[in-house]
Amino acid sequence: MREMKVVALSIGHSPQDGGSVMTSRKHSEFSFWTAHIGKVKDELERLGYEAVVCNRSEAGGTTPIYAARRCNAVGADLAVEFHFNGADTGIGGTETLYWYASKNGKKAAELIQAAMCDVLRLPDRGLKPIKCKSDRGYYYFKDTRMPALMLEPAFASSHVTDCDRLEERVDALCVAIARAIDGYFQQV
Ligand SMILES: [Zn+2]
């Protein structure tokens, strides 16, 4: 029998800082994903995975390095951290971040990015390889011992269309992300 794969579903930011806030003012990144991540977990469990919802503060801090520590402690085969984006330039769309040197991280990123774009139908801003200390989440990607991603499905803190779309379609998005994770494990 196949060993059950473990997926860490890491909620970005922390109860202390929350991250950015939606244009609707309804949620921070942390509170939004706290409210919705259970749907990703449920679908993964239905598909035969162990899914562990976790966050940085459980490892004792609020910065990305604590997300890495927590995902390592979980013993995950894949780590996915959930965010939403913001910019002061008016741009919108969907991005997925991965560690530049991880082939499997890139594979998972391709599958989840395609799944998110398919549901949200926002501009596809593609995959963002993380390599430099100045890049977003550098220490999360550097210190995780498994392929690791950060998901930025929409510019929900700066773009009203992105925020509306994310709120309207989050249930379908959660299911699509879980199914893309399943697709990844079928391929590696
Ligand atoms: Zn964030």
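Reader: What makes the meeting of the side chain of Gln-113 with the side chain of Thr-96 a polar contact?

Author: The distance between the two side chains is 2.8 Å. A polar contact is a pair of N or O atoms within 3.5 Å (within protein, one able to donate a hydrogen and the other to accept it; residues adjacent in sequence count only if both atoms are side-chain atoms), so this pair qualifies. A word on the background: this is a predicted model, where local features need pLDDT of at least 70 and side-chain atom pairs count only at pLDDT 80 or more, while totals for chains, interfaces and linings use all residues. Residues are numbered from 1 along each chain as its sequence is written, and side-chain values use heavy atoms, with hydrogens and water left out.

Reader: Why is Gln-113 called buried?

Author: Gln-113 has 4% relative accessibility, and buried means under 20% (exposed is over 50%, partly exposed in between; 1.4 Å probe, protein chains only), so the word fits. Gln-113 belongs to helix α3. Helices (H or I, at least four residues) and strands (E, at least two) are DSSP runs, numbered from the N terminus.

Reader: How do you know that Thr-94 counts as buried or exposed?

Author: The relative accessible area of Thr-94 is 0%, so Thr-94 is buried. Thr-94 lies in strand β4, residues 94-99, and its side chain comes to 2.7 Å from the backbone oxygen of Pro-153. Setting aside residues up to four places away in sequence, Thr-94 touches Gln-113, Met-116 and Cys-117, among others; touching, or contact, means heavy atoms within 4.5 Å.

Reader: And what about Arg-121 and His-13, where are they found?

Author: Arg-121 is in the loop between α3 and β5, and with a relative accessible area of 57% it is exposed. His-13 sits in the loop between β1 and α1; at 17% it counts as buried. Neither residue is a glycine, yet phi is positive in Arg-121, about 55°, and in His-13, about 65°.

Reader: What makes a group of residues a nonpolar core?

Author: It is a set of buried Ala, Val, Leu, Ile, Met, Phe, Trp, Tyr and Cys residues joined through side-chain atoms within 4.5 Å. The largest one here has 41 residues, and Trp-33, Leu-44, Phe-82, Ile-177 and Ile-181 touch the most other members. Helix α5 gives the largest share, twelve residues. A second, separate core of 17 residues includes Ala-8, Cys-71, Trp-99 and Ile-130. In soluble globular proteins, nonpolar side chains tend to be buried together.

Reader: Which residues does Phe-82 touch?

Author: Beyond its neighbours within four places in sequence, Phe-82 is in contact with residues including Leu-9, Trp-33, Ile-37, Leu-151 and Ile-177.

Reader: At what angle do the axes of α1 and α5 cross?

Author: They cross at roughly 35° and come within 8 Å. Axes are lines fitted to C-alpha atoms, for helices over the stretch in contact, and angles run from 0 to 180 degrees between N-to-C directions. Among the residues making the contact are Phe-32 and Trp-33 of α1, and Leu-166 and Ile-177 of α5.

Reader: How do the axes of α3 and α5 meet?

Author: The axes of α3 (residues 103-120) and α5 (residues 160-187) also come within 8 Å, but cross at roughly 145°. Leu-111 and Ile-112 of α3 take part in the contact, as do Leu-173 and Ala-176 of α5, among others.
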